[in-house]
Amino acid sequence: MKQIIFILFVFFLFSEAINAQNSIEVCENKTTHIISNEKITYLQVGDHNKIMAEIVPKHPNLVRVKAVENFEGESSLTIVSGNKVYSLFVKCADTNRLSWRLEDFRSLKNGNLAGGKIPEYLLRE
């Protein structure tokens, strides 16, 4: 019984650690940047009332993110770059970290069930 409880506890900690890896903090009075090695081809904000984000026009490998106002809970941000999909949790906090490397986050390969690339028209709003 103790062994089962221990295994469940380790599994819980491991799953929490993985989720924490794909989390960033933003605030309303500082702009946070997400930097990718490759061009960012898709960007979607979870809740536009909480955060705003855009691909920097002159630097298509750079996303700037900012909180609209201080908020409780979290929102989400989905980014496609280099044929990989990154889903990030975004929390509001007064942070000193203003840049994040996209490749440091866990990603999924951009593809459908047949293993092919998702067509660009499906990724557009």
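Contact here means heavy atoms within 4.5 Å. Keep that cut-off for the stop at isoleucine 34. The model on screen is predicted.

**Whole chain**

Start with the cartoon view. The protein chain holds two helices and nine strands. Follow the elements from the N terminus: they run α-β-β-β-β-β-β-β-β-β-α. Switch to a surface next. The accessible surface comes to about 8400 Å², and 56% of this belongs to carbon and sulfur atoms. Of the 125 residues, 27% are buried. Among contacts between residues at least 6 apart in sequence, 58% join residues at least 24 apart.

**The open sheet**

Select S4, S5, S2 and S8. These four strands form an open sheet in the order S4-S5-S2-S8, with mixed pairing. Strand S4 (51-55) and strand S8 (99-101) are its edges, each pairing on one side only. Look at how the strands are turned: neighbours in this sheet sit at 20 degrees to each other on average, direction ignored.

Zoom in on S4 and on residues 62-67, which are strand S5. The two pair in the antiparallel sense over five bridges. Show isoleucine 55 as sticks. Which residue in S5 stands opposite isoleucine 55? It is valine 63.

**S3, S6 and S7**

Now select residues 40-45 and 74-81, which are strands S3 and S6. Their pairing is antiparallel, over five bridges. Glutamine 44 faces threonine 78 in S6 as its opposite residue.

Add residues 84-92, strand S7. S6 and S7 also pair in the antiparallel sense, over eight bridges. Pick valine 80; its bridge partner in S7 is valine 85. Then move to the turn. Two residues lie between the strands of this hairpin. Glycine 82 takes a positive phi there, near 60 degrees.

**The nonpolar core**

Hide the cartoon and show side chains. The largest nonpolar core has 20 residues, and Ile34, Leu77 and Ile79 touch the most other members. Strand S1 (23-26), S3, S5, S6 and S7 are the elements that give two or more residues to this core. S7 supplies the largest share, four residues.

**Last stop: isoleucine 34**

Centre on isoleucine 34. What is isoleucine 34 in contact with, leaving aside its neighbours within four places in sequence? Start the selection with Ile24, Asn61, Leu62, Val63 and Val65. Then add Leu77, Ile79, Leu88, Trp100 and Leu102 to complete the list. Two of these names come back from the core: Leu77 and Ile79 are, with Ile34, the residues that touch the most other core members. Val63 returns too, as the residue opposite isoleucine 55.

Definitions and conventions: Residues numbered from 1 in each chain as written. Predicted model: local features only at pLDDT ≥ 70, side-chain atom pairs only at ≥ 80, totals over all residues. Heavy atoms only, no water. Pairing = 2+ DSSP bridges. Axes fitted to C-alpha atoms, helices over the stretch in contact; angles between N-to-C directions. Buried < 20%, exposed > 50% of the residue type's maximum accessible area, 1.4 Å probe, protein only. Areas by Shrake-Rupley, 256 points an atom, 1.4 Å probe, with all protein chains shown as cover. Core = buried A, V, L, I, M, F, W, Y, C linked by side-chain atoms within 4.5 Å.
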